[in-house]
Every structure is written in C-alpha cells, then in structure tokens.
Amino acid sequence: MSGQIPLKYQKLMARVSDKNNNSKAEAIKAFCLQCVDYKFKRVRYCSASNCALFHVRPYQSKTTD
Ligand code: SF4
C-alpha cells in the first residue's frame with residue numbers, strides 16, 4: 001500500500017494509522033486524499049455534495065459565498 005502513496009503524504013498516512021492519533025482533521029484529510037488518488041486539487045474541487053465529508057473536506061478555498 002505505501003508504495004502507492006506519494007512521498008509527501010506518507011507521514012500523514014503513517015500518523016493516521018497510529019492508534020494513538022485521534023485527530024479527526026487528519027483522518028478526514030487522509031480519507032479525501034485517498035478518495036481522489038492523492039490529488040489535492042481534486043479534493044478542493046470535489047463535487048460530490050452528497051458525500052458526508054463534503055463540507056468538512058480539506059483544501060477548500062477560503063472565499064465566502
Ligand atoms: S468529500 Fe469528495 S474527496 Fe472527500 S471523500 Fe467525499 S467524495 Fe471523496
């Protein structure tokens with residue numbers, strides 16, 4: 001599995017695999033990155049508004065509507 005994880009995300013994935021890490025933000029970030037093959041811009045522009053993580057996903061732009 002770790003062979004498929006880009007180098008820059010390997011520490012994050014190791015942290016979320018640690019049973020002592022209870023960071024929900026990191027878990028969500030890791031889940032979203034896995035969902036879109038580690039392309040952070042695909043998380044930012046995700047259009048799956050029916051996904052439970054949609055409104056809390058990382059990498060959203062800071063602009064307000
Ligand atoms: S919010 Fe988007 S990127 Fe994150 S898990 Fe859901 S569908 Fe995947």
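Me: Which helix gives the most to the shell around the ligand?
Reply: Helix H2, residues 24–35, gives the most, with 3 residues. A helix here is a DSSP run of H or I of at least four residues, and a strand is a run of E of at least two, numbered from the N terminus. This is a predicted model, where local features need pLDDT of at least 70 and side-chain atom pairs count only at pLDDT 80 or more, while totals for chains, interfaces and linings use all residues. Residues are numbered from 1 along each chain as its sequence is written.

Me: What makes a residue count as being around the ligand?
Reply: Its C-beta atom, placed from the backbone, lies within 6 Å of the molecule. The residues around the ligand include Phe 31, Cys 32, Cys 35 and Arg 57.

Me: How many residues of that shell are nonpolar, polar and charged?
Reply: The shell has 10 nonpolar, no polar and 1 charged. Ala, Val, Leu, Ile, Met, Phe, Trp, Tyr, Cys and Pro count as nonpolar, Asp, Glu, Lys and Arg as charged, and the others, Gly among them, as polar.

Me: Why is H1 called oblique to H2?
Reply: H1 (residues 7–17) and H2 pack at about 125°, with axes 10 Å apart; the axes are lines fitted to C-alpha atoms over the stretch in contact, and angles run from 0 to 180 degrees between N-to-C directions. Under 35 degrees is roughly parallel, over 145 roughly antiparallel, 65 to 115 roughly perpendicular and the rest oblique, so H1 is oblique to H2.

Me: What does the secondary structure of the chain come to?
Reply: The chain has 3 helices and 0 strands, in the pattern α-α-α along the sequence.
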